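Please open the model in your viewer and keep the selection panel at hand. The tour goes from one selection to the next and says what is found at each stop.

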Amino acid sequence: MSKRDKFRVVGKPRARIDGLSKTTGQTRFADDITLPRMLHCKLLRSHVPHAEILDLDVSRAEAMAGVHLILTGEDFPVTYGILPVSQDERALCKNKVRFVGDPVAAVIAVDEDTAERAARSIDVRYRPLTTVSDPVKALSQDAARLHDYGEEGNIHRRLAYSFGDVDESLADSAHVFEDVFFYQGNTHLALEQHAAVAAADPEGRVTLWSSTQCPHYVHRALSKALELPTTQIRVIACPNGGGFGGKTDVFNHEIVVTKAALRCGRPVKICLTREEVFYCHRGRHPVLMKIRTGVSADGKLTGMHLQTLLDGGAYGSYGVASTFYTGALQPVTYHLPRYRFDACRVFTNKPPCGPKRGHGTPQPRFGQEIQLDKIAEKLNKDPAELRLDIVEQPDTLTANYLKIGTIGLAECIKRVVARSKWQDKHRKLPFGRGVGIACGAYLSGAGHAIYWNKMPHSGVQLKLDRSGSVTVFCGSTDIGQGSNDVLAVIVAEVLGICPDNVRTVTGDTALTPVDLGSYSSRVTLMTGNAAIQAAERARDLLAKAVAEQLEVPGETLLFADGCVFDPADPDSGVSFEQAVVAAESRFGTLGTVGSYAPPRPEARFKGGGVGPSPAYSYSAAVVDVEVDPETGMIIVNRVYIAHDIGRALNPVSVEGQVVGGVYMGLGEALMEEQVFRRMPPKLSDALVHRCPSMLDYKSLSSLDMPEVIVELVENPDPNGPFGAKEVGQGPLLPIMPAVANAVYDAVGVRIDEVPITPEKILKGLDQKARGGEGRVGPADFPDIQWPEPYFVPPPWEGGDGQSTNDPEQKRAATMHKMDRTTAS
Amino acid sequence: MMRLPDFRYYAPQTLQEAANILADQGPTASLIAGGTDLLPKMKRRQQEPETLIALNNIRQLKEIGNGPGLRLGAGVTLSDIVADQRLEEDHRALWQAASQVATPQLRNTATLGGNLCVDTRCTYHDQSFEWRKAIDFCIKQDGETCWAAPTSDRCWAVSSTDSAPALIALGAEVRLVAASGERTVPLEALYRDDGALYLTRQPEEILAEVILPSNAKWRSTYWKLRRRGACDFPILSVAAALRSDAGGTVREARLVLGAISSSPVLCNDVAALLIGNRLSDDLIEEAARLAGASARPKENTDAPAYWRRRMAVPMVTWALKELRGDDMCDERRRLAGQAASMSHEPQSSQTTNEENPK
Ligand SMILES: Cc1cc2nc3c(=O)[nH]c(=O)nc-3n(C[C@H](O)[C@H](O)[C@H](O)COP(=O)(O)OP(=O)(O)OC[C@H]3O[C@@H](n4cnc5c(N)ncnc54)[C@H](O)[C@@H]3O)c2cc1C
Ligand code: SF4
């Protein structure tokens, strides 16, 4: 209590600094930008799923009045990709198209209508290749290959890790649970459709304004794809009308308009249609998974073997990272003595998948949390109790060498259990009503940048001048999550001023120091720490100058309520403005910097770079549902969710993120699916997105939202700014499995896949009525040729974070463990 | 942004003027009322009329007048209908249908005439030009195959109007006006069971008004199935209207299934079964089974045919039970996906949502 009172800004519920401009519609998004003499761009996209381009004739289009430029694959000889290991994209396809929606040409014209008409009169001749639609079939070697890199056939990447000998653990376990789950793919559905405007200046430099979450990565990629020095390029991230991971990649349209602006000498703009946004995708991978878990007689986990198969779509994107993330975070919630993880990503002729809120982790979390429900039932334990008994300890190194600092998971579970009156409801409600519980965990920022370097992940510059105003410069991007407000709160807290007096300049590669971008829930923690450092340095300068004036030691000065004063003699203090004047007089023009780099991870094995984070956030949710056995309709009555935030810098923003996560989670649980239609192969090669529109791609509207009860668990984490951890992604994770578990509690039907739809409920109930088990879900997991796993002995088996494939060492590790067990 | 194709635009002040322009322009012209159906279809190049004739300046089409029952101008908006107390009380099926169309914003512009003429829908067709090119189009427009039923040579696009089943159950007629004359037909005669040519309206005809009989002794109801409560087209609907005598024996009955085939389906066999009987549970069950048997949906809406077929029986049951006087509030609430009020539990101090409007 008293600790919190220390703060004047942090922890106080406030309207965000950008609240008014957002709510009155005055925020300028990329599509709001109009420049003099601006031209418009439209992309011609492939209407075939997989083909060789035989001929591309632009003569009719070129001849049309109002057409300024036509670009094709020939204009983009260099490939790019967000990850250094997957440089497999071209701004416009050359030789080959890989999905319906892959762009083959761009028209730049006086207006959108002309550009669209011209794009339709470009003639492309294709030679069809076999359509690869099913990820299981994509495993087979005789399917037509999408890329000539990757492992073999259409296998993009396979991974295998063994943290201790799991088979041995399972063989020794009282129970072994084996389940197969399927998590359907879905997309971000941000309200703002991607838009970009590029303009060249007379010196031949070019500026790109874009709805991007990661201006720094776009900057680098543009330089590569356009073969231009980075010094010639400036990228400005406009405020995003929602991102959720959908704007973290580098997009072909960004590269195209930048090139076009340079070629035309006039600004060029593109605004994608909603359908095109579905083709940009980079959303949730469809994941088929198998989980084998060993459980002791008293309900402790002894080991887990997780296998995942990801349908990656047509390009690499962030896919290799997504593949790692399907396994990396499983061990941070519950204590897992041994862990084995195999993952495989394949290419198919669909829009590329990538990172969506939770990036790769919601799928296995869904499986594990349902499996825990099954385990609890079998062991006749309360699923909340079962979880409480196995929650991981704070300050621990997990089996896969992730360093957990604070962990508020047990408190989260206790809060939702109490708030929802779980004990009165679970297994006690009448048929048709039920409650389900589930948990989740997420990173507060990835431990590594996507390209290897030793520089800070986030930088902040602070400018103060005699007007008393303070400006924060930071490369971070406000995507609606409130990151500008975070900067303002932190600087205001340190300098004792009001956040409304702090201006923020963000996301501009020419003006702001590098921040890696708004992804991996890294922004509050990393920019926050950088901002604290910059602000403290500024405070020291001001304190020194004021201390000299007041003739008191600088350390005793307090910065609060817009004043700088000695608490022993408050009346003799000066205003903040006077303090700045004193410092500017004393030191000259004022400016400070701060930066942040995450701690060095403990993992030393190859691939150990995915998963480490300065801090992990935790959530638990109880979902209360009603399931109508006649219609299969699932009605969510209420969601209770507790989130371990470390510290809420602005509780209103934090709760907004929690409710937003619940909203997105319910959409994924109940209706959202990015699915494709394969026409009868005898009649057609077509493979099309089933519903690329906001009406037909079903997601909840605000009217479909139940009440959400939010509990914030505040247990400050030493690595977070004022103790803060992430909230942007974590609260989504428990929702889908909690819904599935609640449905089971309501009608006794197990739906081991999302979305959980009325027809699946009815099928499950029918099956049960006929004496079946009442389960809807995938039957089995395919046989995949896994590579020899990296063997990494867990910390408690003598491991040091290195992998070993030496059988002697493996045996030694096991012996070490046996020694310890016999010794204890 | 998706762009509209070019078109000529007329905004006549009178019905006669509109009819003359329409006769003059021929089939390359389209009428436009609220435009909530037409404009998205034009953006997707499902329709590319050379001329649009706007009906919104025609005062006469916006009137709700008296007669034996009620006369509703085709230009009356769905919001006007929702706001009308006479309709809410005496023609409940229509009122319920109109209140469940799309969203409040769309209902403010969407008209009754436009709703009755709304294009049939299909997930293989309600797509952009480029998307349809990818599947090589279909019978409804520019193509040879019906992807929803590849062995069939007709289009099975789904009649997706909410108001038509309700108005057919209520025994409504429509007045169609052309430059050369006018005719009045029972509403069911406006529809044809063909997804491509779903209206019997002649190209030069304007739907001018809907004539409702005096339904003093009738009770009516409308039930709508959709994937998402807040906004979705129907994927199955049931409209029913009954007149019973003092003893509860059904004297007249009409039952219509909507959004299950290319036109609303008037189930005369179900009406015949009901007439002369009291609405016992057994009779309702038999009627529902009979009606359900005529539900043979294709896989071309945003929910699986399996679910739509299964839902016919319970929905007909609920409609008839409601007409019998049973309290069906709970079934309605669940069908709309709305949570039961949980007022016995403490309200959250931190985050609360408004209760969904019924
Ligand atoms: C997101 C969304 C959701 C929707 N949900 C629903 C829904 O749940 N239920 C539903 O029924 N509809 C729905 N609609 C479709 C549409 O909004 C309604 O059917 C609406 O009532 C159409 O009326 P309008 O005046 O806008 O018609 P318009 O778009 O103006 O016209 C529709 C068609 O009718 C013709 N037409 C219009 N008036 C006349 C006339 N007087 N005489 C002859 N022909 C005429 C037009 O030429 C056109 O072909 C939805 C639309 C959208 C965009
Ligand atoms: S039902 Fe068949 S023909 Fe009609 S729109 Fe659909 S796919 Fe086309």
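Select the shell around ligand 1 and colour it by residue class: in this predicted model, the shell holds 18 nonpolar, nine polar and five charged residues. Colouring by chain next shows that residues from chains A and B surround the ligand, so the site is shared between chains. Of the 32 residues around ligand 1, those that come nearest are Leu31(B), Gly34(B), Gly35(B), Thr36(B) and Thr111(B).

Now highlight strand 2 (29-32), helix 7 (112-117) and strand 8 (206-212) of chain B, each of which supplies at least two residues of the shell; helix 7 of chain B gives the largest share, four residues.

For the polar contacts, show the oxygen atoms of ligand 1: one is 2.6 Å from an N or O atom in the side chain of Thr36(B), while backbone N or O atoms of Gly34(B) and Ala102(B) lie 2.7 Å and 3.1 Å, respectively, from an oxygen atom of the ligand. Taken alone, ligand 1 exposes 970 Å², of which the protein buries 93%.

Move next to chain A and select strands 22, 23 and 24, which form an open sheet in that order with antiparallel pairing. Strand 22 (558-560) and strand 24 (569-575) of chain A stand at the edges with a single partner strand each, so one side of each has no neighbour in the sheet. Between strand 22 and strand 23 (residues 563-566) of chain A there are three bridges, and Leu558(A) stands opposite Phe565(A).

Finally, add helix 16 (residues 523-550) of chain A, which packs on the sheet and touches strands 22, 23 and 24 of chain A.

Terms used:
Residues numbered from 1 in each chain as written. Chains lettered and ligands numbered in written order. Predicted model: local features only at pLDDT ≥ 70, side-chain atom pairs only at ≥ 80, totals over all residues. Heavy atoms only, no water. Pairing = 2+ DSSP bridges. Contact = heavy atoms within 4.5 Å. Axes fitted to C-alpha atoms, helices over the stretch in contact; angles between N-to-C directions. Near = heavy atom within 4 Å. Polar contact = N/O pair within 3.5 Å; in protein donor to acceptor, adjacent residues only side chain to side chain. Areas by Shrake-Rupley, 256 points an atom, 1.4 Å probe, with all protein chains shown as cover. Nonpolar A, V, L, I, M, F, W, Y, C, P; charged D, E, K, R; others polar.
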